[in-house]
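Please open the structure in a viewer and keep the selection panel at hand. The tour below proceeds from one selection to the next.

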Amino acid sequence: MPFDFLEENARVNQSCAALSITPTDRRLIISIAAQQMALIENDKVVGIFTISTSKNPPSCLADSYGTPKGLHAIADRIGDSEAEGMVFKGRVATGQLYSEVSPEDAARNLITSRILRLRGLETGKNSGAGCDSYARYIYIHGTNHEDRIGQPFSGGCVEMLNREVITLFDRIKEGDLVWIGE
């Protein structure tokens, strides 16, 4: 049975109510099991993207290299107007496209094109000491290994095709909610 993004969207509203957070009209719903992410606007699915989450099991723990579950918000938008395929180190554009890096760097999983940095909103789960998504540098970003999109491969982040992360970046704002579920 395909993943039901609208059913999962209802869980976002429940979590927001439990946490006294005002839900945003625009949000992202991520299915780790399906390796897909939906863009929801006004409770309607307006886009579905194939993604790659962590090769390790989902985890909110520091140093687990697992994709953290639960409710998050877009904390930072990085890379506006950079070229498709631009490589970032320390959240700063390097001036090199991934097609221009050394073979040694190309073998690594690079952060490319755009960065949407996540902040966990659930204290003790994905926010706070030992489990903080923001402190773990959990992002939605492009990758130089687009052939691996659709299968678990990342070190905890949510990876996308470069052209798709640019499209998404242009629609998403800081503060928009992100739900990461099974």
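Which residues of helix α3 are buried? Select residues 162-171, the span of helix α3 in this predicted model. The buried residues there are N162, V165, I166, L168 and F169. They lie on the same side of α3, because the arc that they cover around the axis is only 165 degrees. In general, an α-helix has 3.6 residues a turn, so residues three or four places apart point the same way.

Next, keep L168 selected and add L28, M37, I140 and M160. Within the largest nonpolar core, which has 21 residues, these five touch the most other members. At least two residues of this core come from each of β1 (26-31), β2 (36-41), β7 (111-120), β9 (158-160), α3 and β10 (177-181). The largest contribution is that of α3, with four residues.

Now centre the view on L28. Beyond its neighbours within four places in sequence, L28 is in contact with M37, A38, L39, I140, L168, I172, L177, V178 and W179. Another core, of 10 residues, lies apart from the one just visited; F5, C16, A38 and L71 are among its members.

Finally, move to the loop between β1 and β2 and select Q35. Is this residue, Q35, buried or exposed? Its relative accessible area is 4%, so Q35 counts as buried. The side chain of Q35 reaches the backbone oxygen of I32 at 2.6 Å. To see what else surrounds Q35, display F49, T50, I51, S52, T53, G150, Q151 and P152, with which Q35 is in contact when its neighbours within four places in sequence are left aside.

Key:
Residues numbered from 1 in each chain as written. Predicted model: local features only at pLDDT ≥ 70, side-chain atom pairs only at ≥ 80, totals over all residues. Heavy atoms only, no water. Buried < 20%, exposed > 50% of the residue type's maximum accessible area, 1.4 Å probe, protein only. Arc of directions from axis to C-beta. Core = buried A, V, L, I, M, F, W, Y, C linked by side-chain atoms within 4.5 Å. Contact = heavy atoms within 4.5 Å. Polar contact = N/O pair within 3.5 Å; in protein donor to acceptor, adjacent residues only side chain to side chain.
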